[in-house]
Amino acid sequence: MSLWLSHPLLLPSLVIGVTIVLWATSLLPEFITALLFFAVAMVAKIAPADTLFGGFASSAFWLVFSGFVLGVAIRKTGLADRVARALSTRLNDSWWLMVASVVLLSYALAFVMPSNMGRIALLMPVVAAMAKRFGIEDGTRSWYGLALAVGFGTFQLSATILPANVPNLVMSGAAEGSYGIHLNYLPYLLLHTPVLGLLKGFLLIVLICWMFPGKPTPPRTLAPIEPMSGAEKRLAWMLLVVLTLWVTESWHGVGPAWTGLVAAVITLLPRVGFINGDEFASGVNFRTCIYVAGILGLAITVTETGLGSVVGESLLKVMPLDPQRPFTSFVALTGITSAMNFIMTANGVPALFTTLAQSFSQATGFPLLSVIMIQVLGYSTPLLPYQASPIVVAMALGKVPARAGIALCLALALVTFLVLLPLDYAWFRLLHQL
């Protein structure tokens with residue numbers, strides 16, 4: 001007992017475990033839990049400051065920040081209403097069609113825009129304006145459904161597109177660094193899109209329509225479209241430049257976070273920009289920024305302290321990995337990924353899982369590349385919102401209560417594991433990946 005109490009990972013495990021429980025149960029506001037994690041972790045000295053506060057240096061944090069700033073500008077100038085009006089002309093009073101349009105738009109944008117946070121920042125003001133035009137008020141279950149459609153459609157479905165998701169990029173980098181395996185765009189797309197993209201998107205639409213019913217009321221009369229103002233034109237051109245830079249990141253090497261940050265700074269400049277200091281203070285949700293930094297800092301801490309490796313090795317010993325039972329092994333590997341997701345969140349899981357993939361491959365008899373690919377189903381299906389920061393940001397922008405996000409997370413995860421997992425296994429077999 002004394003040896004266990006003196007274990008160097010005991011204190012980090014307690015701090016991280018309590019933090020995860022508080023986030024999962026929403027006993028405290030999420031940002032307070034994040035601040036509590038920072039404070040207790042620093043006092044207890046479970047990791048250096050640059051590790052604990054590493055989330056503030058992460059590109060994901062600055063994408064969240066710049067996304068808030070750009071979102072305020074898009075709403076203020078009226079550009080959100082203009083785009084929403086253009087989209088509304090394609091819709092009728094069908095709730096199914098409206099939800100499906102939002103989910104498909106979230107997915108389609110992932111093919112041209114690499115940043116989850118950037119896509120959410122652009123889509124949320126547009127979807128909010130569209131909802132308002134159809135009589136869907138803030139704070140209603142139908143609005144929660146549309147906001148969650150943006151978050152879930154953006155994060156979960158984009159996992160099928162290699163450069164469109166941070167965990168994908170982490171996995172790709174780890175695979176290349178550890179094994180010299182280079183993941184290719186089209187084979188990756190073919191392997192994951194039919195099940196985790198198209199079928200999962202359909203199930204997401206069904207669940208949202210069932211859990212968050214709505215009855216949109218189309219406007220009776222449409223006011224004539226006014227010409228774009230000077231501010232709208234300037235913002236539209238700036239967003240076009242930003243989008244182009246995001247899409248061409250592989251050419252110029254400037255990450256989406258820093259392109260977005262430059263755009264946010266321009267948005268705030270006196271005379272040149274679009275919003276003033278008061279609008280910045282009221283429009284930027286610093287609570288969510290702190291929450292995201294806390295999630296990312298926790299994931300970094302789990303990796304740096306070695307806790308993640310201990311958990312991964314422990315799971316390897318207890319999970320039923322057997323070359324004679326390939327389906328059981330497939331389920332077990334997915335379960336390992338889901339378990340890691342609780343302590344490392346989606347961005348951190350691929351870094352650890354991929355480094356353990358060789359051991360998993362030997363234990364299951366699966367090809368190494370296939371083992372690496374199996375984890376996508378697990379990390380793209382969070383059981384709780386905190387495991388995927390883009391979903392957290394979408395919920396914060398839409399003011400969606402934690403209970404609603406948790407309910408949809410659990411429902412979609414249940415359907416995914418019961419229905420899509422066997423289909424995903426069959427698709428792997430059909431493509432001779434197992």
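Before I begin, a word on one term: a residue counts as buried when its relative accessible area is under 20%, and as exposed when that area is over 50%. With that in hand, we can look at this structure, which is a predicted model.

Let me start with helix H17, residues 286–305, which is mostly covered, since 14 of its 20 residues are buried. At 1.5 Å a residue, those 20 residues should span 28 Å, and because the end C-alpha atoms are indeed 28 Å apart, the two values agree. Just after H17 comes glycine 306, which takes a positive phi of about 90°.

Now please turn to helix H8, which runs over residues 95–109 and has 15 residues, and which reaches 21 Å from its first C-alpha to its last, close to the 21 Å expected. At the start of this helix, a side-chain oxygen of serine 94 comes to within 3.4 Å of the backbone nitrogen of tryptophan 96. The buried residues of H8 include Trp95, Met98, Val99 and, further along, Ser106, Tyr107 and Leu109. What covers the buried residues of H8? Among the elements that do so are helix H9 (116–133), helix H10 (141–158) and helix H12 (185–211).

Two of those covering helices, H10 and H12, also pack against each other, at an angle of about 165° and with their axes 10 Å apart. Because angles over 145 degrees count as roughly antiparallel, H10 and H12 are therefore described as roughly antiparallel to each other. Their crossing is right-handed, and the contact involves residues including Gly145, Ala149 and Gly153 of H10, together with residues including Gly197, Gly201 and Leu204 of H12.

Staying with H12, I would like to pick out threonine 193, whose place is in that helix. Is threonine 193 buried or exposed? Its relative accessible area is 13%, so threonine 193 is buried. If we leave aside its neighbours within four places in sequence, threonine 193 is in contact with Tyr107, Thr160 and Leu198, and Tyr107, as we saw, is one of the buried residues of H8.

Finally, let us consider leucine 70, which is found in helix H6, residues 59–77. At 2% relative accessibility, this leucine counts as buried. Leaving aside neighbours within four places in sequence, leucine 70 is in contact with Met238, Leu239, Ala263, Ala264 and Thr267. Leucine 70 and alanine 110, by comparison, are 40 residues apart in sequence, and their C-alpha atoms are 18 Å apart in space.

Notes:
Residues are numbered from 1 along each chain as its sequence is written. This is a predicted model: local features need pLDDT of at least 70, side-chain atom pairs count only at pLDDT 80 or more; totals for chains, interfaces and linings use all residues. Side-chain values use heavy atoms; hydrogens and water are left out. Helices (H or I, at least four residues) and strands (E, at least two) are DSSP runs, numbered from the N terminus. The expected span of a helix is 1.5 Å times one less than its number of residues. Buried means under 20% relative accessible area, exposed over 50%, partly exposed in between (1.4 Å probe, protein chains only). Contact means heavy atoms within 4.5 Å. A polar contact is a pair of N or O atoms within 3.5 Å; within protein, one must be able to donate a hydrogen and the other to accept it, and residues adjacent in sequence count only if both atoms are side-chain atoms. Axes are lines fitted to C-alpha atoms, for helices over the stretch in contact, and angles run from 0 to 180 degrees between N-to-C directions. Angles under 35 degrees count as roughly parallel, over 145 as roughly antiparallel, 65 to 115 as roughly perpendicular and the rest as oblique. A crossing is left-handed if the near helix is turned anticlockwise from the far one by less than a right angle, and right-handed if clockwise.
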